[in-house]
Amino acid sequence: MSDTREIDRLWSVEDVSAYLGVPVKTLYQWKWRGEGPPVRKIGKYLRYVPDQVRAWVDGLTDRAA
């Protein structure tokens with residue numbers, strides 16, 4: 001039996017940029033404006049909870065319908 005535990009890694013700005021298909025600069029602008037997916041600042045880095053980013057995207061779909 002493996003003793004390896006799976007760690008839920010937070011996403012970096014680059015990860016979210018690739019997932020959403022938007023430039024990194026857009027994510028920083030959204031943070032500054034209070035828009036975009038929920039983001040946390042850990043030290044000097046922005047980090048995203050993947051499930052919250054997916055929920056934010058799902059919410060966009062609901063509002064557009």
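This passage looks at one helix and at the aromatic pairs of the structure. The model is predicted, so local features require pLDDT of at least 70 and side-chain atom pairs pLDDT 80 or more, while totals for chains, interfaces and linings use all residues. Residues are numbered from 1 along each chain as its sequence is written, and side-chain values rest on heavy atoms, with hydrogens and water left out.

A good place to start is helix H1, which spans residues 13–20; helices (H or I, at least four residues) are DSSP runs, numbered from the N terminus. Its buried residues are Val 13, Val 16 and Ser 17, where buried means under 20% relative accessible area with a 1.4 Å probe and protein chains only. Viewed down the axis of H1, these residues fall within an arc of 105 degrees (taken from the directions from the helix axis to the C-beta atoms), so they line one face of the helix. After H1 comes Gly 21, with a positive phi near 75 degrees.

Turning to the rings, the structure contains two aromatic pairs. Rings of Phe, Tyr and Trp (its six-membered ring) pair if their centres lie within 6.5 Å; planes under 30 degrees apart are stacked, over 60 edge-to-face and the rest tilted. Trp 11 and Tyr 19 make a tilted pair, at 5.1 Å centre to centre and 50 degrees between the planes. Trp 11 is buried at 13% relative accessible area, whereas Tyr 19, at 41%, is partly exposed (between the buried limit and the 50% above which a residue is exposed).

Trp 30 and Trp 56 also form a tilted pair, with ring centres 5.6 Å apart and planes at 50 degrees. This pair links distant parts of the chain, 26 residues apart: Trp 30 belongs to helix H2 (residues 24–33) and Trp 56 to helix H3 (residues 50–64). Both Trp 30 and Trp 56 are buried.

Technical notes: Helices (H or I, at least four residues) and strands (E, at least two) are DSSP runs, numbered from the N terminus.
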